[in-house]
Amino acid sequence: MYNSRKLPLDMIPSEMTEIWSCMKESCNGWIRDNYAFETVPTCNQCMSPMNRSMKSLPILLDSSYDLKLTLKRIAAKKEND
Ligand SMILES: [Zn+2]
C-alpha cells in the first residue's frame, strides 16, 4: 500500500539556504547555519574547520522542529475551518 502520510518530497519547494560545508576536499560533511552554534564550526565527520556556503534545500525540511510546527499549523487550520 502507498503510504499517504509520507510527505511528497518532490512537491516541497527548495530555497537557497546558508550552510557550513567542510573544507576538506575528500569530505562531503555540511551543516545548516541554524545548527552552527560556534563562530566557525568543525565538521562532525572529520573535525576539519568549515566554510560558509549556500545550498539549495527543501524549505519544509529546515529541521524536524520546523516540520512539526508546520504540521501543527496545518492541523490547527483544519480545526478552525
Ligand atoms: Zn569533514
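The following dialogue examines how terms are assigned in this predicted model.

Visitor: What does the secondary structure of the protein chain come to, and in which order do the elements run?

Guide: The protein chain comes to 1 helix and 3 strands. From the N terminus on, the order is β-β-β-α.

Visitor: Why are S1 and S3 called paired strands?

Guide: Pairing requires at least two bridges found by DSSP between two strands. Strand S1, residues 14-22, and S3 have 9 bridges in the antiparallel sense, so the requirement of at least two is met. Among the bridge partners, Thr17 is matched with Lys55 in S3, and Ser21 stands opposite Asn51 in S3.

Visitor: How do you know that S1 and S2 pair?

Guide: The criterion is again at least two bridges. S1 and S2 share 3 bridges, in the antiparallel sense; therefore these strands count as paired. One of the bridges joins Ser21 to Trp30 in S2. Ser21 thus has a partner in S2, namely Trp30, and another in S3, namely Asn51.

Visitor: What makes S2 and S3 the edge strands of the sheet?

Guide: The 3 strands form an open sheet in the order S2-S1-S3, with antiparallel pairing. Strand S2 (30-32) and strand S3 (50-58) each pair on one side only, and these are the edge strands. On average, neighbouring strands of this sheet are turned by 40 degrees against each other, direction ignored.

Visitor: Through what do strands of a sheet pair in general?

Guide: Strands of a sheet pair through backbone hydrogen bonds, in either a parallel or an antiparallel arrangement.

Visitor: Why does Met47 count as exposed?

Guide: A residue is exposed if 12 or fewer other C-beta atoms lie within 10 Å of its own. Met47 has 11 C-beta neighbours inside 10 Å, and therefore counts as exposed. Met47 is placed in the loop between S2 and S3.

Visitor: What is notable about phi of Met47?

Guide: Phi of Met47 is near 65 degrees, which is a positive value in a residue other than glycine.

Visitor: What share of the protein chain counts as buried?

Guide: For a residue to be buried, 20 or more other C-beta atoms must lie within 10 Å of its own. Of the 81 residues of the protein chain, 4% count as buried.

Visitor: What share of the contacts with a separation of 6 or more is due to residues 24 or more positions apart?

Guide: Such residues account for 52% of those contacts in the protein chain.

Notes: Residues are numbered from 1 along each chain as its sequence is written. This is a predicted model: local features need pLDDT of at least 70, side-chain atom pairs count only at pLDDT 80 or more; totals for chains, interfaces and linings use all residues. Helices (H or I, at least four residues) and strands (E, at least two) are DSSP runs, numbered from the N terminus. Axes are lines fitted to C-alpha atoms, for helices over the stretch in contact, and angles run from 0 to 180 degrees between N-to-C directions. Two residues are in contact if their C-beta atoms, placed from the backbone, lie within 7 Å.
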